[in-house]
Amino acid sequence: MARPGSGLLVPVNGMGYPPQNLARVVVWEWLNEHGRWRPYSAAVCHHIENVLKGDSRGTVVLGQVDAQLAPYIIDLQSMHQFRQDTGTMRPVQRNFYEPSSAPGKGVVWEWENDSGSWTPYDMEICVTIQNAYEKQHPWLDLTSLGFCYLIDFNSMCQTNRQSQRKRRLRRRMDLAYPLIMGSIPKSQSWPVGASSGQPCSCQQCILVNSTRAASNAILASQRRKLYGAAADNAVGAGTLTVVRQSNTFAGTSLWSSASAPSGTNNNNISVGGGHAKAEQVHLPLSTANFPCSPVMPSLSSAHGHHALTINGQNNLNRPGTQRISMGTARGAIPPGVPALPVKNLTGSGPVHPALAGMTGILMCAAGLPVCLTRAPKPILHPPPVNKSDMKPVSGINGMRRKTKKKHLRRGKNPEDVVRRYTERIKVMPDEDCTICMERLVMSSGYEGVLQHKGIKPELVGKLGKCGHMYHLLCLVAMYNNGNKDGSLQCPTCKTIYGEKTGTQPPGKMEYHVIPHYLPGYADSRTIRIVYDIPAGIQTNEHPNPGKKFSARGFPRHCYLPDNEKGRKVLKLLIMAWDRRLIFTIGTSSTTGESDTVVWNEIHHKTEFGSNLTGHGYPDPNYLDNVLAELSAQGIGEDNLKD
């Protein structure tokens, strides 16, 4: 045990479940792409718990409590979060903590990311930090929890032990997470009655209700196929267990089956989990008569019996069991097993991917062997193009641009830059300087910290275009803390003065026209842009000078329609490339990798023939959006030369 005043080394221990008759705090969490369980906010958790009390097999529309989560739905039956616009599904879990812990008190610990906003720690980390904070430990080592970070409570900083990079952290108070009393409900003791409340009339709830109706129709179709198969296979293949009406979506019992003798070759599909007694549905081993209902046998089978556990609401309080069983089920699907098409559930035509995905979730929760592992793949690249078919873009000279050292920024004298874009004010208004937060009638907050000849701390200047006023010494300090490229950006309205440049590493940009068409632009050929940046060493303008940086995914291919607006966007992108604004070095929002080349707030379309990832076509608003993003970087249509 650490003595008072010493640092704390965190021992590795399991969370476990508290004694059954104590109060506990409930935190709902979702699994991100890095395998980390991320907590929902306290307000969202209260909303989920309220829905859970009314209908434990219901659907939670997260947009009703948090507008930023409008596309997301949680299906309590299958314990999955579903994104309606993309069809993405992620597991969720319900975790428990002591009332005296951070979530019980409404304490949130956050770290400052590269964009200057605050990101909450995982709940387990948050609880650990709060415990150390309450015990007045000066520091906390997170190495034993799998993170090479050291928390310093005196400076309120997080230090990366490997790179020595420091980030600010903060402790703030928020709404406490929901508190439940009594024993943790066992897996088979959850209420199964239908919700008695009136259905919501919002569009998201209408989608959910229509999804359930479609699912019931599909279930009826499946039952007809099962009965037909039973009649065809009654002789020589064993007798099929009769599966009666499933009332899963009405909130009553999950399955109602009548047992019957079976043959030696059958598949046992267990519905439920935990300590609940599994009910079995016996199906013939052959899948010839079930084109839309694949049988999913386990890889390890004996005596012709194949068992598969389908996890659903019964594992609501057993997230570990759920994850293990689901992983086993996914790994148990052998090659060649027929799958339920995501976009053609009924065989009559395309179905909206969101409706298809939600239907699949509900059918899987009902115990139907639905396989949604064969979703459409994005079409990232066009068919192969011969070099002779690559043509220059009309109105643009050349087909390639390079960024070399001679293109890198040149330092400017800070005082000269500030004087160039401001005019001195003799009568100061009685308002704050938004840089140092001191009154303009007072001296700059940087007095004594920063000294420059000719710029006194009491001098005030007004920016020429926007008219916002600041201490001249504050503007010098802001310039010194930036890219020092001879440009200024108003911290209030973001107006750019001069030519803004970035910190993009050296590389090359190629662009040409190919004889293929983008979805939504059948009348235009396609402009293909190829960016290529090699890995290298960071310089003084980058986050960690002298350290290597990686360059993943290069060369990167991007696409524009070869029409008037597409060519205008290309010209501005070339200008942004010359000013080194397309890429920068930072932390990838996709992989979490630091010291790597990342996009720099100018979106590109990297998906050629589809829009499954959101980075493709058709997207009628993309060209207008990217023009606005370029304008925010100081590259507007007025920069184009005739």
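On the surface of this predicted model, Arg 419, Arg 424, Lys 426 and Lys 456 gather in a patch of positive charge. In such a patch, residues have over 30% relative accessible area and no salt bridge, and like charges are joined within 9 Å. A salt bridge is a side-chain nitrogen of Lys or Arg within 4 Å of a carboxyl oxygen of Asp or Glu. Residues are numbered from 1 along each chain as its sequence is written. Local features need pLDDT of at least 70, side-chain atom pairs count only at pLDDT 80 or more, totals for chains, interfaces and linings use all residues, and side-chain values use heavy atoms, leaving out hydrogens and water.

**Exposed loop residues**
- Lys 426, from the patch, sits in the loop between strand 21 (422–424) and strand 22 (460–463); strands are DSSP runs (E, at least two residues), numbered from the N terminus.
- Lys 426 counts as exposed because its relative accessible area is 82%, where exposed means over 50% and buried under 20% (1.4 Å probe, protein chains only).
- Ala 535 is exposed too, at 53%, and it touches Phe 549, Ser 550 and Ala 551, leaving aside neighbours within four places in sequence; contact means heavy atoms within 4.5 Å.

**Unusual backbone spots**
- Most residues other than glycine have a negative phi, and most peptide bonds are trans.
- Met 437 has a positive phi near 65 degrees, and Asp 595 has one of about 55 degrees.
- Met 437 is exposed at 54%, whereas Asp 595 is buried at 8%.
- Cis peptide bonds join Phe 554 to Pro 555, with omega about 0 degrees, and Tyr 617 to Pro 618, with omega about 5 degrees.

Conventions: Patch = residues over 30% accessible without salt bridge, like charges linked within 9 Å, V, L, I, M, F, W, Y side chains within 5 Å. Areas by Shrake-Rupley, 256 points an atom, 1.4 Å probe, with all protein chains shown as cover. Lys, Arg positive; Asp, Glu negative; His and termini not counted. Charge placed at Lys NZ, Arg CZ, Asp CG, Glu CD. Helix = DSSP H or I, 4+ residues; strand = E, 2+ residues; numbered from the N terminus.
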